[in-house]
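Keep the sequence and the 3D view side by side as you read. This report goes through strands, turns and side chains in short steps.

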Amino acid sequence: MHRRNGLPSVFLRAEEVAERFDIAARAAIASQGGFEIEPVRLCHALLDRARREGANLHWPVDVTGLHPDDSGIVLEMADGRSCRAENVILATGYERASLFLPPAFGLHSTFAIATPPGGAPLWRERAMIWEASDPYLYVRTDRIGRIIAGGEDIESADEAVRNALLGSKAGAIAAKLETLLGARPITIDRKWAATFGASPDGLPAIGPVATMPNVWMAAGFGGNGIAFASLAAQMLERELGGEPDPDRDCFSPYRFD
C-alpha cells in the first residue's frame, strides 16, 4: 500500500531489522523521506512567506463572533471592532472550534522523555522509529545527541490527572526503550506531557461548516498536525477555487454523525 501511493518503502523481516538497525528483532516497514523540523521556526518562516506574498497578519486578535451576511462573514472582535471576509477558515489546531466541531473529536494526553545530550543514537542510521502497537512507542534523536521517546497516551486532557501519571509513564517509556535497544540503560534527563487532538479514525476535520455558510474548518485532530496542515491547505485551496476535493468525505467534520 505504501508503494502504491508513492511512498518508497521496503518490508524487513525481524532478523533483517536486528541486523540493519541493531535493535530488538521485529518485523518493520522501512520508509524513506521522513524529516525533522523545528516547529516554531517553521511556523515563523511560513507566516513570513505568506506576508511577502501579500497576506495580512493581525495579532493579538480575539474573535468572539461570526455573523453571516449577503457578502460573506462578519468577524466580531472582543474590543468592539469588526471586519468582513468572503470566507473564513477556522484553523485552531486541536482547540475545539466552539459550536462547530462535533463531540466525536476529543482531547487526549501523551507523554515523552529525553535523555541527556551527547549519547544518541544507540542504533544505526539515526532512524526515526514508530512502533505499530497500542500503546505505541516512538523514538528519534535530536541535533545535540538526545534520544527523545514518547507514547503511553491516555484518553484525558485533565492536567491534574495527566501530571499525576508523569513519573510512571516516563518510567514505562524508558523501560520499553531499553527493551527495544537490548537492555542498554536509559537515563531520563527530561520528562513532559502534552495535549493532542484525537478522532475515532485518526484523521482531522477538514471541510465546510454545516451550520454557517462560507465558514471552513481545518482542525488538526489525529496527532499528525504538520502533515494534516499541509493536506488541509491543499484541500481548502481546491474547494475555495470551486473544485470539490475527491477526498472531502474522508475528512468531513461530520463523518461520524
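## A hairpin with a glycine in its turn

In this predicted model, strands β9 and β10 form a hairpin. Five residues lie between the two strands. One residue in the turn is G145, and its phi is positive, at about 85°.

The two strands of this hairpin run antiparallel, joined by five bridges. Strand β10 covers residues 147-154. Where does Y138 find its bridge partner in β10? The partner is G150.

## A second hairpin on β9

Strand β9 also takes part in a hairpin with β8. Here six residues separate the strands. Strand β8 is short to write down: residues 129-130. Two bridges join β8 to β9, and the pair runs antiparallel. I129 is bridged to V139 of β9.

## The two faces of β9

Which residues of β9 sit on its covered face, and which on its uncovered face? L137, V139 and T141 make up the covered face. Y138 and R140 make up the uncovered one. Recall that V139 is the bridge partner of I129, while Y138 is the bridge partner of G150.

## A closer look at T141

T141 belongs to β9, which spans residues 137-141. Is T141 buried or exposed? It is buried, because its relative accessible area is 2% and the cut-off for buried is under 20%.

The side chain of T141 has a polar contact with the side chain of R126, at 2.8 Å. R126 is also one of the residues that T141 touches beyond its neighbours within four places in sequence. The others are E36, A120, P121, W123 and R146.

## An aromatic cluster

Now turn to the rings. The structure holds four aromatic pairs. One of them joins W130 and Y136. Their rings are stacked, 4.7 Å centre to centre, with 15° between the planes. Y136 also pairs with Y138. That pair is stacked too, at 6.4 Å centre to centre and 25° between the planes. W130, Y136 and Y138 form one aromatic cluster.

How exposed are the members of this cluster? W130 is exposed, with a relative accessible area of 55%. Y136 is buried, because its value is 16% and buried means under 20%. Y138 is partly exposed, at 22%. Y138 lies on the uncovered face of β9.

## A three-stranded sheet

Another part of the model holds an open sheet of three strands. Their order is β3-β4-β5, and the pairing is antiparallel. From one strand to the next, the twist averages 25°.

Why do β3 and β5 each have one side without a neighbour in the sheet? Both stand at the edges, and each has a single partner strand, so one side stays free of a neighbour. Strand β3 runs over residues 63-69 and β5 over 82-85. Strand β4 covers residues 72-77, and four bridges join it to β5. In one of these strands, β5, the residue S82 is the bridge partner of E76.

Conventions: Residues are numbered from 1 along each chain as its sequence is written. This is a predicted model: local features need pLDDT of at least 70, side-chain atom pairs count only at pLDDT 80 or more; totals for chains, interfaces and linings use all residues. Side-chain values use heavy atoms; hydrogens and water are left out. Buried means under 20% relative accessible area, exposed over 50%, partly exposed in between (1.4 Å probe, protein chains only). A polar contact is a pair of N or O atoms within 3.5 Å; within protein, one must be able to donate a hydrogen and the other to accept it, and residues adjacent in sequence count only if both atoms are side-chain atoms. Contact means heavy atoms within 4.5 Å. Rings of Phe, Tyr and Trp (its six-membered ring) pair if their centres lie within 6.5 Å; planes under 30 degrees apart count as stacked, over 60 as edge-to-face and the rest as tilted. Two strands pair if DSSP finds at least two bridges between them. Axes are lines fitted to C-alpha atoms, for helices over the stretch in contact, and angles run from 0 to 180 degrees between N-to-C directions.
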